[in-house]
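Hi,

Here is the structure I said I would pass on. Have a look at it first, and then read on for what turned up.

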Amino acid sequence: MRKILATLILLLSTMGLAWAQEVQVRGTVISASDGEPMIGVSIVAKGTGRGVSTDLDGQYLITVPSNAALTFSYVGYHPQTINVDGRSVINVTMTEDTQVLDEVVVVGYGVQKKSVVTAAIAKVSEDDLNFTAPVRVDNALKGLASGVTVSSSSGQPGAASRVRVRGIGTINNSDPLYIVDGMPIEGGIDYLNPSDIASIEVLKDAASGAVYGARAANGVILVTTKTGKVGKTQVTYDFSYGWQRPWKKRDVLNAYEYATMINEGRLNAGMAPKYDNPAQYGEGTDWQDVVFYNDAPVMNHQVSISGATERINYLLSLGYYTQDGIVGGNYGRSNYERLTLRSNNSYILFDDSKSRNWLNSFKITANLSYARIKNTSIDANSTWGSVLASALSLSPILTVYESDPQSQYDMYADNTFYAPVYGKDGQLFMIP
């Protein structure tokens with residue numbers, strides 16, 4: 001028994017010594033692009049909390065367990081994880097992350113690498129736009145660009161959004177300046193199809209928007225549309241169909257409760273009751289059910305043809321979008337329809353840049369767009385005159401349709417603004 005116990009103690013001591021064994025690891029970290037030593041590279045031993053940085057000569061020294069793993073990281077370079085395996089010297093060569101360093105952003109009338117831009121610029125890429133699938137271009141900036149506030153003016157189909165770059169800059173017009181493919185656009189960019197956009201850059205400070213002068217006081221939004229890519233001709237078709245419905249209704253009195261409350265109010269005022277038998281009205285009319293359009297459809301079609309060769313670049317796209325509102329959409333009073341057509345073409349007539357440095361190339365670019373927008377709307381933000389306010393205040397005892405249409409015709413016979421409204425079954429709507 002004593003021999004077994006001694007053996008176990010010896011084994012545990014050996015394991016403890018092996019576990020506690022540490023080594024000093026030193027080395028030099030250089031860049032793969034130019035072979036120069038890298039200053040400030042972070043070296044961390046995983047799972048130990050120990051870490052150091054390289055000095056002015058790219059050298060480091062760290063004490064870690066012999067079986068540790070070292071992680072080397074630096075901004076703009078691919079991180080590396082290397083196992084120590086008892087070694088005392090580990091030299092590392094780090095490679096640049098070209099996906100980060102070579103990403104370009106539009107700056108004024110040109111482009112620069114994102115890695116060298118110091119101005120306040122926010123970029124929304126094509127992948128971001130595809131993920132959100134916005135109805136309008138200004139809606140694409142919601143939650144995707146820091147320092148940019150996008151608020152909806154109403155819930156109307158196709159309603160414009162209010163865009164503010166770094167807050168409100170003036171008590172007058174605080175809308176930013178929109179630049180589409182290098183051209184200033186007045187009156188908004190609702191004519192653009194979000195599916196035709198390659199990227200959106202927001203110039204937020206004075207340094208980035210200085211080239212546009214005083215017009216950039218409220219910020220600049222640069223929109224770059226898509227072009228063709230070298231290779232085979234690409235034909236794409238996207239289709240989506242959806243439904244909208246109100247997620248909540250207000251609790252209101254039914255006809256019986258309404259009649260009872262009116263009678264109680266009149267009795268408290270010393271007047272005779274208005275309704276002899278409130279129970280006869282039952283549930284009555286819930287005007288919210290009458291107003292709301294459940295399962296209002298939303299449909300989007302998008303077709304594009306694009307391609308490019310060494311001298312020709314072309315893109316042709318056609319988009320059709322339609323949306324019915326959940327209030328009035330089934331009566332043709334709140335609807336949005338947009339048809340867009342875009343053609344982006346560029347032609348290189350000649351390119352002699354290899355043989356001379358003056359008048360060495362000639363390129364023609366033609367970007368054409370057409371948009372037809374048809375929308376109907378109702379008063380959305382009125383306190384007392386809106387449809388929803390009326391639906392909450394109308395008496396549930398009233399009926400939706402006139403029981404005697406001729407009486408309404410006679411009442412408004414001399415009113416030149418009178419226009420009768422009929423339901424889908426031809427019944428005449430009542431006028432409260």
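A definition before the surface: a patch here is built from residues with over 30% relative accessible area and no salt bridge, and nonpolar side chains are joined within 5 Å. Keep in mind too that this is a predicted model.

With that in hand, the nonpolar patch covers about 1100 Å² and consists of Val235, Tyr237, Phe239, Tyr241, Trp243, Val303, Ile305, Leu316, Leu318, Leu341 and Tyr370. Three strands give two or more residues each to the patch: β17 (231-244), β18 (296-308) and β19 (312-324). The most comes from β17, with 5 residues. Take Tyr237, which sits in β17: its relative accessible area is 49%, so it counts as partly exposed.

For the overall picture, the protein has 8 helices and 21 strands. Of its 432 residues, 34% are buried. The accessible surface is about 26700 Å², with 55% of that belonging to carbon and sulfur atoms. If you count contacts between residues at least 6 apart in sequence, 59% of them join residues at least 24 apart.

Next, a strand to look at from both sides. In β13 (residues 177-180), Leu177 and Ile179 point one way while Tyr178 and Val180 point the other, and all are buried. β13 runs parallel to β16 (residues 220-225), joined by 4 bridges, and Val180 has Val223 as its bridge partner there. With β14 (residues 183-185) the pairing is antiparallel, through 3 bridges, and Tyr178 is matched with Ile185. β13 and β14 make a hairpin with 2 residues between them, and Asp181 in the turn has a positive phi of about 55 degrees.

Now the charged pairs. Side chains of opposite charge can pair when their charged atoms come close. The structure holds 7 salt bridges, and three of the pairs are described here:

- Arg50 and Glu22 meet at 2.8 Å, N to O. Arg50 is in β3 (residues 50-53) and Glu22 in β1 (residues 22-31), 28 residues apart, so the pair links distant parts of the chain. Both are partly exposed, Arg50 at 33% relative accessibility and Glu22 at 39%.
- Lys226 and Glu126 meet at 3.3 Å, N to O. Since Lys226 lies in the loop between β16 and β17 and Glu126 in α3 (residues 126-132), the pair ties together parts that are 100 residues apart in sequence. Glu126 is partly exposed, with a relative accessible area of 28%.
- Lys249 and Asp289 have their closest N and O atoms 2.5 Å apart. Lys249 is in the loop between β17 and α5 (255-268) and Asp289 in α6 (residues 287-291), so this pair ties together parts 40 residues apart in sequence. Lys249 is partly exposed at 34%, and Asp289 is partly exposed at 48%. Salt bridges with shared partners also join Lys249, Asp286 and Asp289 into one network.

Last, the region around α8 (residues 405-411), where Gln408 is found. Is Gln408 buried or exposed? At a relative accessible area of 2%, Gln408 is buried. Its side chain makes a polar contact of 3.0 Å with the side chain of Glu402. Leaving aside residues up to four places away in sequence, Gln408 touches Glu402, Tyr418, Leu428, Phe429, Met430 and Ile431. In the segment after α8 comes Asn415, partly exposed at 34%, whose side chain reaches the backbone nitrogen of Phe417 at 2.9 Å.

Cheers

How values were computed
Residues numbered from 1 in each chain as written. Predicted model: local features only at pLDDT ≥ 70, side-chain atom pairs only at ≥ 80, totals over all residues. Heavy atoms only, no water. Patch = residues over 30% accessible without salt bridge, like charges linked within 9 Å, V, L, I, M, F, W, Y side chains within 5 Å. Areas by Shrake-Rupley, 256 points an atom, 1.4 Å probe, with all protein chains shown as cover. Salt bridge = Lys/Arg side-chain N within 4 Å of Asp/Glu carboxyl O. Buried < 20%, exposed > 50% of the residue type's maximum accessible area, 1.4 Å probe, protein only. Polar contact = N/O pair within 3.5 Å; in protein donor to acceptor, adjacent residues only side chain to side chain. Contact = heavy atoms within 4.5 Å. Pairing = 2+ DSSP bridges.
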